[in-house]
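Me: I should like to go through this model with you, beginning with how its chains meet. Could you take me through it?
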Amino acid sequence: MKLKTILLAGLLILLTACELTRTYDEGIFPEAPPVLVCFARVENERPISAYLFPTVHALDTSSVNFVSDATVELYKDGQLLEELQFENERYVSAPTTVGVPGSQYQLMVRHNDYPNLVSESVLLPPPVEVFDYSINFSDSASQYSIDLSFSHTGLDAASYGVLADLYADGQLARDRVRTAISAADPFVKGDTVQFNLILPAQVTRFEDFIPVDTLHVDSAAVSIQSISDQYYEYFASRPNGEIGGFFPPQDDLFTNFEGGYGVLFTVSAERFGVKF
Amino acid sequence: MPNTFMVLISRKYITLFFLYNCFVILGTAQSDRTLVHGTIKAEKSREPIIGAVIQDTLSKAYSISDEYGFFTLSLRGAYSCLQVKYIGYEPQLICDTFKQGQTLNIELTTSNFLPEVEVSSYSNLGVPKLGRASLPISTLQLLPQLGGEADLLKTITLLPGIAQGVEGTTGVLIRGGSPDQNLVLMDGAPVYNLSHFGAYLSVFNTDAIKRFDIYKGSWPAKYGGRLSGLIDIRTREGNLKNWEGKATISPLLGRFLVEGPLKRGKTSFLLSARSSWLGVLFNAFSGEDFNQRYLMYDLNGKITHQINDNHRIYLSYYSSLDDSQVEEVIFGGSLGNQKRIKSEDAIGVKWGNQTASLRYATFLSDRWSLQSIIYYTRYRFSGFQRQMNLFANGLTTASFNANESSNQDFGIRAFAKYTHRNLSLVLGTEQVSQRFNPQSTFQAENRASTLLLSDARAFQQNYFLDMNIRLGKAADLRFGLRQVAHQTSDTTFFSLEPRLEIQRRLGEGFQASLSANYGQQFMHLITGGNAGQANEIWLGATASAPPQQSKQVAMGLKWLDARERYEISLEAFHRRMSGLTALKAVGNEGLEDVYRWEELLEFNGEGRVNGLELLLRKQKGSFTGWLAYTWSKSQRQFNQINQGKWFPFRFDRRHDFSAVLLYTLSEKWQFSATWSYQTGSHITLPTAKIPKTDIALEDIFFPGNVHVNDQRNNVTLPSYHRLDLGFTYTWQKKEAGPSHDLSLSIYNAYNRINPYFIRTESTPRFNRDGQYLGESQPEVVIVGLFPFIPSLSYSRTFDWK
């Protein structure tokens, strides 16, 4: 019996203790010269802005190192509009330079240490047109429900974002209360997008985690954003972070920049006020 | 118009010239020729011997016995001396006056000399051998193996031009192709899945195998449907004289073989089976709360009936199965905010082959024979996952998912063979009905259930012609043509596949060969191709997934010394492939939803392979072995991968070297060693990284920490090398009694950690106060699979006379 147990245990150890590892420090990862990455946004209501930083080695864990000494030029409909200025980790246009719907925008980046970065031209589409909305109040839930319908620009339903700044007695009680349209088909009917925005009727203010005041929301500024496909294409094309696995990792990382990586995308926003 | 006319005239002229030459060669038969035919068998068992050489010592004319042991030989005059030779048997010399059309039944006796390990199945004579390889089964059983279990598919990777995929797996890569491009036949019927234990062991029991031949280049025209290689396995018929048996135990498996005459001299029977001890082991360690089951077996059965010397029937059956299941019961705990009384989880996978064939061979005269086979083959994989929760509030939740994939072929192949002097002609047809079920999925959650089925059928008609012409003593020519019509639900594909081989004897022992062939493959395979994964999904070609195609040219030089002791061969080849498939870069998650398989694959890829193969072999003596070296470059190109640029095939083995040594120390002791070296396989590693950022442009977040994988298979893993050692001790207590073998195999003798895959590891850093400072710089870790593994196996024969 003892011999049998020893034999069984020996066999088990033999068959299961197979995995073994060793560290390998001979630089197996390929070395590629760093290139620039740009993350830039053109919006009809805000100045144009762009973050700029270089790629790093695949195993580098250091934090991002923003580039501040590049020349970043903004082109509108093929003409140089202005040079963006570095400010607070990013390059921004003049406060008065906002995106004009129907125009094509392009970015060109030059830097002595990296290859030039040239974006594709992206079109800033017109914002959605709000067709109708109705407000319902739920006393038990203490919330407003706004049923919205607006024009469909042809984007995926997930590309729309609806936000609201809430006001009480003319004062901003809470900004950017956000609900994204997550389900695709039910909300798009032909040329119309239907959406239900839920907003709280009361906002409690906290100081040091202690509630100090409750404000009754009486109006809201609703913003409907349509974000261009480029952003989502980048988002969806990111590999899952696995290295050295059995299957080839996702290798079609989206970029609309030549000479490097990144995304230039547009946001068309439509705002309107609501009184409760 | 005149040009077209001239071309037509030219083609017609060439055809007429070719046919004229054939008949001239045939017509040169002199009236004093004597044609004899017959069979060559083993004296001990009366089993036919495949590949034995019978040669007229006066005219030097020779013939090779076919898969039924049959031969036809044309003698110069009535009196002749015939020498019959085959490895492991005493050569036989028959001097006599032969009559026209005389039938010879030759029986060879086993050699009584000190046992030698002969490492070649071929002699200097015979059909063109460029791009062909084989090994005697006795060699296969002596070489050291993982777990002490002789493995045909792993052993042949020690030959030039044949490489291993992932370590420990049965994936065989022939001349830069992928494993799905190999046609594996067992007694003429295709076998689809080749693996046990999740791919660590091949499904072929070497006890039941009589002979195997590997074709790396131009195949016989009667076979087709794959692009890279043909592995033609013939199982033993069973002893027609006596009942015998053999039993073997090794750490992984137990196996036995029983054979004998059902009717002495007429009908024989062979049954061989293997099963794993792992199931017993798992049961021993299972309890009430945790139950693990594993069943693995394969079974070969064969009945051979010789109606008379000219009519034979063979019924073969093969079955293999791997069935693994794990069940776990957990009492107590919670799920979300629900208190749980009990949960039951179970997961299982099962896969296996079933192959059956009925063959009939008849020899109508000394020139004509007819051979036919009806076969059925099926590969099936299934898996399930079951979960049940019972909560304290009386609620229960249950889910059940099951999926299955399978494919089956039902075919008939029949051909007539004409042999006369310098010409051998094969003319036949093969009709195959195929059915593919890439995946059927059943999902049930509580009371809702869904069932998804996928089913595709195809019908393939093949007509083939194969012609071997011996052009005097100096050259052999083989020309083959296979016409294929492959009909699917949405389209029909046509293919005309020529095969050409020319062998020229240049002088004493020297041969030069040239071959060219074209073929199409009407199926694709989705698989990870890794150890532990037996889930192979075969798909039929469709209009959107068109057939794969391959063209290959090869040339070679071979030298064999007059005493057939030493062999040197050098072959070079070039292949182009098209219509290839590759897995999209979906990461590991992507394979979970294989139901939409079209979305997982890239189609219409191209491939190109160049290679050079060198073999130095010592075939006879107490010390035998070979050195094999292959240089090859295998690349792929897909429009949607790697920006459309050519990239290395995952298993592009630039250098592949094997050294095999067998040494007979005495009648009882034999020693063997193999050392293999391969350039590492290719993987895709990121060339850069978009660093981690916390960027948010207003309310829109930019996710960083993204690897840039812009080059497919851009990194070569560290090279693979391994030394295996084997010792076999054979003894017999009585001269005519049973023989015993005790074998010690040492796998990976110097414990090389060969890369199976790599991963990166980093460790958290803290300061003196224990404050977390982030992760350390990641380091690369190579994960190996098999360390130093010794194993002991024991065999014993039985004899019921």
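Reply: Certainly. The model is a predicted one. In it, 57 residues of chain A are in contact with 59 residues of chain B.

Me: Which elements give two or more residues to the side of chain B that touches chain A?
Reply: They are helix H4 (278-284) and the strands E42 (688-690), E45 (706-708), E49 (757-761), E51 (772-775) and E52 (779-784) of chain B. E52(B) gives the most, with six residues.

Me: And how do the residues of that side divide into nonpolar, polar and charged?
Reply: On the side of chain B that touches chain A, 34 residues are nonpolar, 15 are polar and 10 are charged.

Me: Back to E52(B): what joins E52(B) to strand E1 of chain A?
Reply: Five bridges do, and E52(B) and strand E1 (residues 20-24) of chain A run antiparallel. Within this pairing, Gly784(B) of E52(B) stands opposite Leu20(A).

Me: Changing topic, in what order do the three strands of the open sheet in chain B stand?
Reply: The order is E4-E1-E7 (chain B), with mixed pairing. Neighbouring strands of this sheet are turned by 35° against each other on average, direction ignored.

Me: Why is one side of E4 and of E7 in chain B left without a neighbour in the sheet?
Reply: Strand E4 (70-76) and strand E7 (102-108) of chain B stand at the edges and have a single partner strand each, so one side of each has no neighbour there.

Me: In what sense do E1 and E7 of chain B pair, parallel or antiparallel?
Reply: Strand E1 (residues 33-42) of chain B pairs with E7(B) in the parallel sense, over seven bridges. Gln102(B) in E7(B) is the bridge partner of Val36(B).

Technical notes
Residues numbered from 1 in each chain as written. Chains lettered and ligands numbered in written order. Predicted model: local features only at pLDDT ≥ 70, side-chain atom pairs only at ≥ 80, totals over all residues. Contact = placed C-beta atoms within 7 Å. Helix = DSSP H or I, 4+ residues; strand = E, 2+ residues; numbered from the N terminus. Nonpolar A, V, L, I, M, F, W, Y, C, P; charged D, E, K, R; others polar. Pairing = 2+ DSSP bridges. Axes fitted to C-alpha atoms, helices over the stretch in contact; angles between N-to-C directions.
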